[in-house]
Structures are given as C-alpha cells and as structure tokens.
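This briefing is meant to be read alongside the sequence and the model. It gathers computed values on a few selected residues, grouped by topic.

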Amino acid sequence: MEDVLAVYARTYDLTRPVVCMDEKPFQLLGHAREPQPARPGKDACQDSEYVRCGTCSIFVWVEPLRGWRRVHALAQRTKID
C-alpha cells in the first residue's frame, strides 16, 4: 500500500503519467407506484417497492497529478464491456 501512496506523492511528469481507471455497475430502478407529493399536514409518501429497469456501467479515468478526468456512461452492461 505504501508503494501506491508514493506514486501519488510524485511530482507531475508528462513522460510518466499516473492514470487510474474504475468501473461501477449501476442498477436502474423505477417506481412501482407514483410517489405522492407532500400536502398541508401530510408528508410525501413513496412506496418501497420498485421496478428494475436494467443496468448500466459508468467508467472513470483519472489522472490525479494533472487534475484531469473522463467519465463515460454506457446505456447497457454486457460481458464484452
């Protein structure tokens, strides 16, 4: 772990960039019943039941020493991704 932390402590060098990549699978959910808005004397009501609307993937590339990042979201998540 200390070796990894030492990489982030380096000064920025254009010839040796430090690039990190991460993927986050994300589940898309919808309401089974429409939420009821708040009314005078009543709190807003939202049912805990949901409808699964599929999955997607969010990819992030970061070059922390340069202050650069790129985010790419895919509408679906497959084995190839």
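The points below take up two residues of one strand and then a surface patch. The structure is a predicted model, and the strand in question, β2, covers residues 50-63.

**V60 in strand β2**
- V60 lies in strand β2, and its relative accessibility of 25% makes it count as partly exposed, because the class of partly exposed residues lies between the limits of 20% and 50%.
- Leaving out residues up to four places away in sequence, V60 touches C20, M21 and D22, and it also touches R70 and V71.
- V60 and P17 are separated by 43 residues in sequence, while the distance between their C-alpha atoms is 16 Å.

**E63 in strand β2**
- E63 also lies in strand β2, but with 6% relative accessibility E63 counts as buried, since that class is reserved for values under 20%.
- When neighbours within four places in sequence are set aside, the residues in contact with E63 are Y12, P17, V18, V19 and W68.
- P17 is thus among the contacts of E63, whereas the C-alpha atoms of P17 and V60 are 16 Å apart.

**Helix α1 and the nonpolar patch**
- Y8 belongs to helix α1, which spans residues 2-9, and Y8 is partly exposed, its relative accessible area being 38%.
- Together with V4 and L5, Y8 forms a nonpolar patch on the surface, and the accessible area of these residues together is about 270 Å².

Methods: Residues numbered from 1 in each chain as written. Predicted model: local features only at pLDDT ≥ 70, side-chain atom pairs only at ≥ 80, totals over all residues. Heavy atoms only, no water. Helix = DSSP H or I, 4+ residues; strand = E, 2+ residues; numbered from the N terminus. Buried < 20%, exposed > 50% of the residue type's maximum accessible area, 1.4 Å probe, protein only. Contact = heavy atoms within 4.5 Å. Patch = residues over 30% accessible without salt bridge, like charges linked within 9 Å, V, L, I, M, F, W, Y side chains within 5 Å. Areas by Shrake-Rupley, 256 points an atom, 1.4 Å probe, with all protein chains shown as cover. Salt bridge = Lys/Arg side-chain N within 4 Å of Asp/Glu carboxyl O.
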